[in-house]
Amino acid sequence: MQVTGWRWLFAFNIPLALLAIAAVAFFLTNPERRDDRPPVDVGGMMAMAVSVSSLVLATAWGGTLYPWLSWQIIGLFALFVVAAVAFVLVERRAKEPIIPMLLFKNRNFVVCTVTGMFIMLGMMGTVSYLPTYFQIVDGLAPEQAGLMTFPMMAGVLLTAVGTGFLATKTGRYKWMPIASCAVAAVGFVLLSRLTPDTSLLVTGVFLFVLGFGIGLGQQILVLIVQNEFPHAIVGTATAANNFFRQIGSTLGASLVGALFTSRLAADLAAQLPKTDNISMNRITSQYVDHLAAPVRDIITAAYSDALVPIFLYVVPLLVVGFILMLTLKENPLAKSVNHTGHPGGDAL
C-alpha cells in the first residue's frame, strides 16, 4: 500500500471476490426446494443487531468521543442489555431461532464459546494496532510493519494444524485449550514489556509465543463444539460459536482502540507544548517522520506507553478462560458424520 495507495486495499479484493463467486457457482449444489420452509426469525435478527451494535458503539466511543460515564455511553450499554434480554425472549419462542437457546444448556459449548471470544478479543486487539506501532515507534515502512506480524501468524498456523492432527490421532484434546490460555497469557505479558529500544528480533519472538498460544485453542475449540451436538444442529452450533468469536474480535479492536486513543491523547497533552498544535488525527508515520527530533521522540515514547500496557488488560480474561477450560468435559470424538453428539451428559 506504500506504493499503490490505501484505495487499492479494496481493489485487490475484486479478483478474489470474482473467484469466490465462480467457485460457489461451479461447486455448490442447490438444495432441494422445501414447501415447508420455516419462517424467518426477523425478531431475533433485529434484537441481535441492536444488541451487538450498541455494545460495539459503546466500547468504541467510550473514553474517546464521549466520557465513559456520559449519558450516551450509559444509554448504549443499557440498550445493549435490554436488546439482549429481548433477543433471549424472542429466541425462546421462535419456531426457527437463529441461535437456539438449547445450545447454552451444554456446558462445553458455553465454556468453549466464552474462551474463544476472549482469545479473539486479545488477538484482534493485538493485530489491529501493532502494524501502526511498528511504523511510528520502530520507523518501519508499511509493508515491513505488516510483515512483522508474520511470526504470530506462523505460530497460529503451526499449532492450529498440529492440534487438529494430535486430536485426531490421540482423541485427547482437553489440554490444548488449557495450554492455549496459559501460553497466550504469557505472550501478552511479554508484549507488555516492549519498549522503543526492544529489537525487532525479540519482538518477533514475543509475537511467535502469542501466536503459538492462540493457535493451540483457536481451531480445537470449534472441534469441541461440533463434537457436542448431533449432526442436524452442528452447523447451527458452529455458526453460533463463530458469531461470538466475531463479537470478541470486534470488541477487541474497538476496546483497544478506545483505551489506546484516550491514553495517547492524555500523554501528548501532558508532554507536548500547546504551541505545537499537534492533533491526534494527524499522527501518522509520514507525519511523525517530518517532525523535529525532540517532538518525534515524545510522540514515539507516548505511542509506546499508551499501547503496550494495554496488553496486560487481556491477561485476566485469559486467566478466566484457563479456569473455564479446567471444567471442560473431554467427551470421545465422533467417528462418523451422522453422530448423535453428547446430549445431556454435561448440561449446565
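Reader: Into which class, buried, partly exposed or exposed, does Val42 fall?

Author: The model is predicted, with residues numbered from 1 along each chain as its sequence is written, and local features need pLDDT of at least 70, while side-chain atom pairs count only at pLDDT 80 or more and totals for chains, interfaces and linings use all residues. Side-chain values use heavy atoms, with hydrogens and water left out. Buried means under 20% relative accessible area and exposed over 50%, with partly exposed in between (1.4 Å probe, protein chains only). Because its relative accessibility is 43%, Val42 counts as partly exposed.

Reader: In which helix does Val42 sit, and how far is its C-alpha atom from that of Ala94?

Author: Helices are DSSP runs of H or I with at least four residues, strands are runs of E with at least two, and both are numbered from the N terminus. On that basis Val42 belongs to helix α3. Although Ala94 is 52 residues away along the chain, its C-alpha atom and that of Val42 are separated by 9.5 Å.

Reader: What is the accessible area of the nonpolar patch that includes Val42?

Author: A patch is made of residues with over 30% relative accessible area and no salt bridge, where like charges are joined within 9 Å and nonpolar side chains (Val, Leu, Ile, Met, Phe, Trp, Tyr) within 5 Å. Val40, in the loop between α2 (13-27) and α3, counts as exposed because its relative accessibility is 60%. By the Shrake-Rupley method with a 1.4 Å probe, where for residues only the protein chains shown count as cover, the surface patch of Val40, Val42, Met45, Met46 and Ile98 has together about 450 Å².

Reader: Against which helix do the buried residues of α4 pack?

Author: The expected span of a helix is 1.5 Å times one less than its number of residues, so the 23 residues of α4 (residues 71-93) should span 33 Å, which agrees with end C-alpha atoms 33 Å apart. Its buried residues are Ile73, Leu76, Ala83, Phe87 and Glu91. With contact taken as heavy atoms within 4.5 Å, these buried residues pack against α3 (42-61).

Reader: Which helix gives the most residues to the largest nonpolar core?

Author: A nonpolar core is a set of buried Ala, Val, Leu, Ile, Met, Phe, Trp, Tyr and Cys residues joined through side-chain atoms within 4.5 Å. The largest one has 67 residues, and those with the most contacts inside it are Cys112, Tyr133, Phe134 and Tyr173. With 13 residues, the greatest contribution to this core comes from helix α5 (residues 107-137).

Reader: Which elements are among those that cover the buried residues of α8?

Author: The 17 residues of α8 should span 24 Å at 1.5 Å a residue, and its end C-alpha atoms are 24 Å apart, which agrees. Its buried residues include Met176, Ile178, Cys181, Phe188 and Leu191. Among the elements covering the buried residues of this helix are α5, α7, α9 (200-218), α10 (220-228) and α14.

Reader: How many residues apart are the two partners of the salt bridge?

Author: A salt bridge is a side-chain nitrogen of Lys or Arg within 4 Å of a carboxyl oxygen of Asp or Glu, and the structure holds one, in which the side chains of Glu330 and Arg172 meet at 2.7 Å, N to O. Glu330 lies in the segment after α14 (311-326) and Arg172 in the loop between α7 (150-170) and α8 (175-191), so that the pair links distant parts of the chain. Glu330 counts as partly exposed because its relative accessible area is 26%. Along the chain, the separation of the two partners is 158 residues.
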